[in-house]
Protein chains: 8
Amino acid sequence: MDTKKIQKVLTSVRSGKMDVKDALDTLKHLPYEDIGIAKVDHHRELRHGIPEVIFAEGKDLGDIRIIADSMLKKTRKLLITKASKEVFNCVGEVCKHHKIKVKFFEKSGIIMAGAPVKKKGSVAVLCAGTSDMPVAEEAHVTASFLGSRVESVNDVGVAGLHRLMEARKILSDANVLIVAAGMEGALPSVIGGMTDKPIIAVPTSVGYGTSLGGLTALFAMLNSCVPGIAVMNIDNGFGAGVLAHKINMLVVNR
Amino acid sequence: MDTKKIQKVLTSVRSGKMDVKDALDTLKHLPYEDIGIAKVDHHRELRHGIPEVIFAEGKDLGDIRIIADSMLKKTRKLLITKASKEVFNCVGEVCKHHKIKVKFFEKSGIIMAGAPVKKKGSVAVLCAGTSDMPVAEEAHVTASFLGSRVESVNDVGVAGLHRLMEARKILSDANVLIVAAGMEGALPSVIGGMTDKPIIAVPTSVGYGTSLGGLTALFAMLNSCVPGIAVMNIDNGFGAGVLAHKINMLVVNR
Amino acid sequence: MDTKKIQKVLTSVRSGKMDVKDALDTLKHLPYEDIGIAKVDHHRELRHGIPEVIFAEGKDLGDIRIIADSMLKKTRKLLITKASKEVFNCVGEVCKHHKIKVKFFEKSGIIMAGAPVKKKGSVAVLCAGTSDMPVAEEAHVTASFLGSRVESVNDVGVAGLHRLMEARKILSDANVLIVAAGMEGALPSVIGGMTDKPIIAVPTSVGYGTSLGGLTALFAMLNSCVPGIAVMNIDNGFGAGVLAHKINMLVVNR
Amino acid sequence: MDTKKIQKVLTSVRSGKMDVKDALDTLKHLPYEDIGIAKVDHHRELRHGIPEVIFAEGKDLGDIRIIADSMLKKTRKLLITKASKEVFNCVGEVCKHHKIKVKFFEKSGIIMAGAPVKKKGSVAVLCAGTSDMPVAEEAHVTASFLGSRVESVNDVGVAGLHRLMEARKILSDANVLIVAAGMEGALPSVIGGMTDKPIIAVPTSVGYGTSLGGLTALFAMLNSCVPGIAVMNIDNGFGAGVLAHKINMLVVNR
Amino acid sequence: MDTKKIQKVLTSVRSGKMDVKDALDTLKHLPYEDIGIAKVDHHRELRHGIPEVIFAEGKDLGDIRIIADSMLKKTRKLLITKASKEVFNCVGEVCKHHKIKVKFFEKSGIIMAGAPVKKKGSVAVLCAGTSDMPVAEEAHVTASFLGSRVESVNDVGVAGLHRLMEARKILSDANVLIVAAGMEGALPSVIGGMTDKPIIAVPTSVGYGTSLGGLTALFAMLNSCVPGIAVMNIDNGFGAGVLAHKINMLVVNR
Amino acid sequence: MDTKKIQKVLTSVRSGKMDVKDALDTLKHLPYEDIGIAKVDHHRELRHGIPEVIFAEGKDLGDIRIIADSMLKKTRKLLITKASKEVFNCVGEVCKHHKIKVKFFEKSGIIMAGAPVKKKGSVAVLCAGTSDMPVAEEAHVTASFLGSRVESVNDVGVAGLHRLMEARKILSDANVLIVAAGMEGALPSVIGGMTDKPIIAVPTSVGYGTSLGGLTALFAMLNSCVPGIAVMNIDNGFGAGVLAHKINMLVVNR
Amino acid sequence: MDTKKIQKVLTSVRSGKMDVKDALDTLKHLPYEDIGIAKVDHHRELRHGIPEVIFAEGKDLGDIRIIADSMLKKTRKLLITKASKEVFNCVGEVCKHHKIKVKFFEKSGIIMAGAPVKKKGSVAVLCAGTSDMPVAEEAHVTASFLGSRVESVNDVGVAGLHRLMEARKILSDANVLIVAAGMEGALPSVIGGMTDKPIIAVPTSVGYGTSLGGLTALFAMLNSCVPGIAVMNIDNGFGAGVLAHKINMLVVNR
Amino acid sequence: MDTKKIQKVLTSVRSGKMDVKDALDTLKHLPYEDIGIAKVDHHRELRHGIPEVIFAEGKDLGDIRIIADSMLKKTRKLLITKASKEVFNCVGEVCKHHKIKVKFFEKSGIIMAGAPVKKKGSVAVLCAGTSDMPVAEEAHVTASFLGSRVESVNDVGVAGLHRLMEARKILSDANVLIVAAGMEGALPSVIGGMTDKPIIAVPTSVGYGTSLGGLTALFAMLNSCVPGIAVMNIDNGFGAGVLAHKINMLVVNR
């Protein structure tokens, strides 16, 4: 640990074993990141309660088990995205071993353990169709895990705008809105015309043909005639949850 | 004219100058399209009044002058799309020579001469923003030139939906709607949720960045969650006008 | 139901319990969509008999079962697109429970129950090759389910144009044509040169290499030198069926 | 004004001139948007001071002059994006006529008139290279025009990270950061590793070859390994300014 | 058969049962393609021995069995491309039933039955690497099935140009060369610099990453600095075989 | 010149100055290309009369003048493609200086000097619309310059198929057909259904929107349901002319 | 073998059986590549120890077994990339037969047998995340197999830069760095700002949505604001290993 | 300057004014980059003589003048890429003012001033056609400016490989090769088969149609069957020059 090295240098200077010039040289050549970055990481965790999150896709079970175990030891909480049933079975055992409750959200493949009981502020998650629900769920669970209070309103595409109206109170209470939509991705524009809340749009890969795996929804959202919509990567409910939580906390923490 | 040739063969058979086998051979080797296609073309013109239309882009003035002159001689009417001011000046002279009134629509670069005075049925043309007007104008002029009554409602994007409401009567009177929109191309979906009329969507190249010259609007329209929207090529107001006219005439002609 | 709320306000005003100013305020803050949108939806169903349609791809069996059950209860009819054998087995049971006959079209994966017996007008569906038949079938079943009389002519690509000729009567009787084609997507242009009926072109994902999963056929159709062809998303037989039905009904309903 | 119409109906009900059933029918058929949307628009303006903004590209001078004149009359302020020198000359006259000071930011082509004197909260705008400055300027002017206090730090790419450090106070004071970068678009990821503030990333079209007009920077930002970065369309400094202002106001308004 | 109809008309004219005018009308309305296209098809088969070819991908076994059976009945030969082992098993039975020998080329998935014993002229097929062999094989079998003598030289990429040299005699004897290559697709350019024979380049989908499924090889071949290279669709060995055979026959048939 | 070096070695061997082993070593290390490639180039010119051709785009006038001058000196003939008027003026002077007649084809920007008087065989060039004529002209002039007899039939798209019929004799006399078409690029497929001649398809950049600068026509041609069509790069009339000439010569030279 | 032919010619010249002119002609027409290319190949192997490498993807087991066997016979070493477990089992037997130790690196699917014991110089391989490790492993094994000493530092993305610092000595000892990264591909730029060593960047296909299978990382690396980064194809750890080894050897061999 | 701050802390510790714990805290919170990054930058300049380079495209003259002036003051040398004639005129004056000779390479638009007289090592630059020369020139001038000895061989495409042979000595003397090519980008593969030197491939935007502005050449180079080719962004001669210089220096500096 570098703090020790610096301390040692300072003690040597204090005791006169090392003169100022040599100490200066030594300090200049210490790998600065050991001081800086590590500290920042630490601060971040203290302030935000955002532990590292595991992206499970393409990792093998063994690696995931090791990382999960180490994270549970350090922080007693855990968020894993894009996880399969197999990953859950494996991580479930690790959690059991640590005596920490764990939950698997099958639609989105997200695993959550040790989330805070008390939620703050308010985030609303909307999705256009039932096929977009996995992405909305990922956003919901993420923001909730990080400590935000979250409410979801599903299936509010063109054919179900009245359901959105029924949820009007939720919307007006929220500090920030997440809107997940595939196909032509028009929902954020439509909602953007009805509210002045910051909107985080998440294109989903729902659709076929020229939906191009979500690129069309993505590009449509980036080109919304409603200015100032924040856009995420395709199917990135996790990122939307993080950003919504950050904005929500701006309000909560003031 | 091939009819004459066939007639001659038949007369020869009748008179005994040619036997059946030779006549059969002769007929088999006549270029069939002279019979078929030409006839169809002729019928089309009689029934529809759709003369050939000149696409000016990339043609040189000389060629356009010759084609325009020949068309005016035959049909005394003319439609030229994607024309520049120079094309208009050149064609204007030709029209003057034929003593036919001609009009140039500068936004869309469309030149019209000799359109029918009496319009039938009803086509409505809507556009999302003022930048989409050239395309809407091209659609309007085309359908009008072909003989449809057309009404246009401009600038009815998210920020101006109330103007659409004011034009509600026009919409409910129309047999078919043309909707031109660029950027995220969401307008056809929104209007599609409010009407049961056939909708012809025209993506425009309005926008920048990921509007990709209109591809995003095009793909969004093709992926509309409102089923059954007819989509045109980017900026193809002309095609939308033709299709709207054809559908409109289905109603008018019954 | 909001009608009741408005009625209550009006009755209160009538009876003098509420003054005009308060009533005005109350009415202004009622969620307008409860009035507007719901009404429109209701009208649509009465006029058209177009019940909501389920897009099965990416939905789980449980959700589909619930939606299907609820729809059969309300409308005693059902259309499900892009369905697998499993979906059919599941929905079949639900139909059995409701004592409604159901049919599964395996090529296109479309499930139909409770379609009207009497068909009206005329829609023709043409496809270029046998590989395009699933898309053509989806279009056929959709338009038929909605109430249009539909005739199909299969495998009329360049190698089989004479079959198209044999079906000439069907074509000339139709109010609107659907043309499904993959690979270079040239069939709509060729047919467009032979008829003045509105043409709905559906690109299919048939082909390999630079067919780009149907994008090439799509772009070719959007660029047809025959103006006014309505283009659908790749493999979207369903959308083509809906649009054809709408245009067909324009003729029938006059 | 529809309020008047409703008032009239209510008065008629009150006075007994109209019975409840007729009043209900009348109210149901009033174009709801006249109530709803207009009101929302009005609210938005009162609360936010975000007047409509003119996107100049592709509009002709005449149209811009008319819109600008009407906006200055109503709100005495004006923001025009992607404007040329010619647009400024034209709008300048209109402003002079209204006796409102106007300023043209040549790099970004943004015209601003009548912005609020008092700025609130804090937004920081960073850009990677001098070529990204037009986009950063657009973001700066927009957020500033809307009422946010804005500080800009230019040219802080990999070669100039030390300048970022010098501006550390600005960053830690800001409620939200805007980061504009072209080429490989890595700056938001790097800054994202150093702060917990919400980051709005704006890809710019700076670069050549595989920068693909900004698509590469856009996609890189959407794929940042730092989760929760809000991404805008290419060169869309305006949108970034609007979103930053909205988030900033969340903090200010509590 | 339409020839009979025409003959009947002519006979009636001859015998005086039908006058010339009626005969003319009758002839004009005969579906012309019955005469023209059918004849062309017939001629083609007589001259070239190119029976229809079945593209198996995406067709179901039942359909393939029916078509194969009908083709074997008519022509006693058969070519099926992109066929699986299952298709072969199914078609094998049909061939057995017709007592026609059939062969399955597993690498390319091509099934051939009833090819001519005597081959003419000379076609050379070259491929860059062993992974390109399926495409080369498809080209080889196709041209051979159509009646061309074919010689193949495999694995002559940059690392094996000396093998090409060993095959120099084959090359100089060939009337036309087919060159299949994936990855960067440079082989046609290199061979083009060494010969004056017509070259047919077939890009293959061999490679990964930016080989883009063969698009890179395709585009490279289309941009060859050696002018006049004929390019086929990706993996389209069949098309290359057909074109090579046509060119080869030009030489043979003179 | 390496021939001299080899001669020297051989002479030394003959005279006994050098033994066989040393001579063998020396010969093995001679740069082989000096022998091989140069010889091939020479042979090519003798056999084919295909001098190097200058691609003018992006070269500066000075360089073109030098190359043209050197080529005229050596071969007294010249072909320059994609040339501007300025290039022609410059090259014209050079030709004048060499007393060689030169012609500039303005539509295609091709400059030809010193072509053979006697043309052989037969190549037919067809184009879909008048806008495709520059590409057709480039193909025509190229094949003609190389020594092929060429006939062109212009403007034979869907709207003018009867003109194609009128030119039937030209087609049936040709050894090979070049077909240039933009937009949806369907013409080669249509003609391919009517002939058994080798077809060289040239996509043109004519069109807008999803014509994607000719990519759509290119991909459509590569996906033609008529097998064996040779495809060229977009607007590459030159390449088509070269390939057509090569195939034509195969017939002529036998 | 051509050496024999040349020898024979030379002997004939020596003995006077053949005169110089005839010998010259004979030599000129010998296929030069038999001399040249083969020799070059031989030299390459002697100098570099780079035997041919087998790319297993898309090859069948039988072919791989034959090639592996032949290579082991000739060189007693072997490198196979993109190999499956099945390939390893098959090749394992072959190695056993030849009594050569073989190792399978499962993550990257690389098989190595007979690598040199003594490694030279120094190559460092860095990867951004654990998901990028397969590509890093392929690079490591390749360079190591070719004879370079290699050190790897894994998981040094933005979240783990301090680990990079810990490995600072490795970096400063290396002659060349390989950096593998997916998603936004920013790591090479960041490292490029910290070192003056040549950097070889390998984009990986890690990520989803707009990572576009690695294209985004690739394009980002090609657009790095740090000039002079060498970029490889997506997931091409093998190529990176070869280039790193070549550069490393430049230093070692001097 | 931070060194002073650290010195002050150390002096305070020495003198006992500050205890070790406080000093440790102070040091930890010093902005580390002031030490680290700045130092690295300084070292880089001392070691390499690589001053910052100005990318002129999209910068305005005023900014360039200021930067150029500041750089000349500090380092008395200057490299500006992608510069126009106007930029040169402006920078020329600045150089004159500083009495430093400056040269403008018009083809590539590169401005060089104050390059070292003595060049070291050896870099060879090859280009495929005369149209690729601007990119080759940029690479040449860059590597030369940085201190490498550079030799260029132009126009060595397929049609001119013999010129490459004439330059064989240059190639074998070079430590590293730069190969610039557009169109199909095959030259690096061909040269890669003939040498074991590290190859840096630069795709150029030369070509039309499917050359896609250089993407095809880029992708071809990334897919070369010759492993280990370093690829640059399209037209990025500058980057190639930097990398070549770095590799060249590895050899020179040992």
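Me: In this predicted model, is Phe219(D) buried or exposed?
Reply: The relative accessible area of Phe219(D) is 8%, and the cut-off that matters here places a residue in the buried class when the value is under 20%. Phe219(D) therefore counts as buried.

Me: How many aromatic pairs are there over all chains?
Reply: A pair needs ring centres within 6.5 Å of each other. Counted by this rule over all chains, the number of aromatic pairs is 20.

Me: What is the arrangement of the aromatic pair of Phe219(A) and Phe219(D)?
Reply: The centres of the two rings lie 6.1 Å apart and their planes make an angle of 20°. Since planes under 30 degrees apart are the criterion, the pair of Phe219(A) and Phe219(D) is stacked.

Me: Which helix of chain D holds Phe219(D), the partner in the pair that crosses between chains?
Reply: The pair starts from Phe219(A), in helix H10 (residues 215-222) of chain A, where this residue has 8% relative accessibility and counts as buried. On the other side of the crossing, Phe219(D) belongs to chain D, in helix H10 (residues 215-222).

Me: Why is the pair of Phe88(C) and Phe104(C) described as stacked, and how many residues apart are the partners?
Reply: The ring centres are 4.9 Å apart and the planes are at 10°, so the pair of Phe88(C) and Phe104(C) is stacked. Phe88(C) is in helix H5 (residues 85-98), with a relative accessible area of 19% that makes it buried, while Phe104(C), buried at 14%, is in strand S3 (residues 102-105). The pair links distant parts of chain C, and the separation of its partners is 16 residues.

Me: Over the ring of which residue does the charged end of Lys82(C) sit?
Reply: The charged end of Lys82(F) is placed over the ring of Tyr208(H), 4.8 Å from its centre. For Lys82(C), the charged end is 4.8 Å from the centre of a ring in chain A, and that ring belongs to Tyr208(A).

Me: What axis relates chain C to chain B?
Reply: Chain C can be superposed on chain B with an RMSD of 0.1 Å through a turn of 180° and a shift of 0.0 Å along the axis. The relation is therefore that of a two-fold axis.

Me: How many salt bridges does the rule find across the interface of chain C and chain B?
Reply: The contact draws on 33 residues from chain C and 33 residues from chain B, and 100% of the interface residues of chain C are also interface residues in chain B, so the copies meet through the same surface. The two chains bury about 2,900 Å² between them, with 60% of it on carbon and sulfur atoms. Across this interface, the number of salt bridges found is 0.

Me: Which residues does Thr216(F) touch in chain C?
Reply: Thr216(F) is located in helix H10 (residues 215-222) of chain F and is buried, at a relative accessible area of 1%. Leaving aside residues up to four places away in sequence, its contacts include Met183(F), Thr210(F) and Ser211(F), and in chain C they are Thr216(C), Phe219(C), Ala220(C) and Asn223(C).

Me: What is the phi of Lys99(F)?
Reply: Lys99(F) lies in the loop between helix H5 (85-98) and strand S3 (102-105) of chain F, and its relative accessible area of 74% makes it exposed. Most residues other than glycine have a negative phi. Although Lys99(F) is not a glycine, its phi is positive, at about 55°.

How values were computed. Residues are numbered from 1 along each chain as its sequence is written. Chains are lettered from A and ligands numbered from 1 in the order in which they are written. This is a predicted model: local features need pLDDT of at least 70, side-chain atom pairs count only at pLDDT 80 or more; totals for chains, interfaces and linings use all residues. Side-chain values use heavy atoms; hydrogens and water are left out. Rings of Phe, Tyr and Trp (its six-membered ring) pair if their centres lie within 6.5 Å; planes under 30 degrees apart count as stacked, over 60 as edge-to-face and the rest as tilted. Helices (H or I, at least four residues) and strands (E, at least two) are DSSP runs, numbered from the N terminus. Buried means under 20% relative accessible area, exposed over 50%, partly exposed in between (1.4 Å probe, protein chains only). A charge sits over a ring if NZ of Lys or CZ of Arg is within 6 Å of the ring centre and within 35 degrees of the ring normal. Copies are superposed by least squares on the C-alpha atoms of residues with pLDDT of at least 70 in both. Contact means heavy atoms within 4.5 Å. Buried area is the accessible area (1.4 Å probe) that two parts lose on being put together, summed over both. A salt bridge is a side-chain nitrogen of Lys or Arg within 4 Å of a carboxyl oxygen of Asp or Glu.
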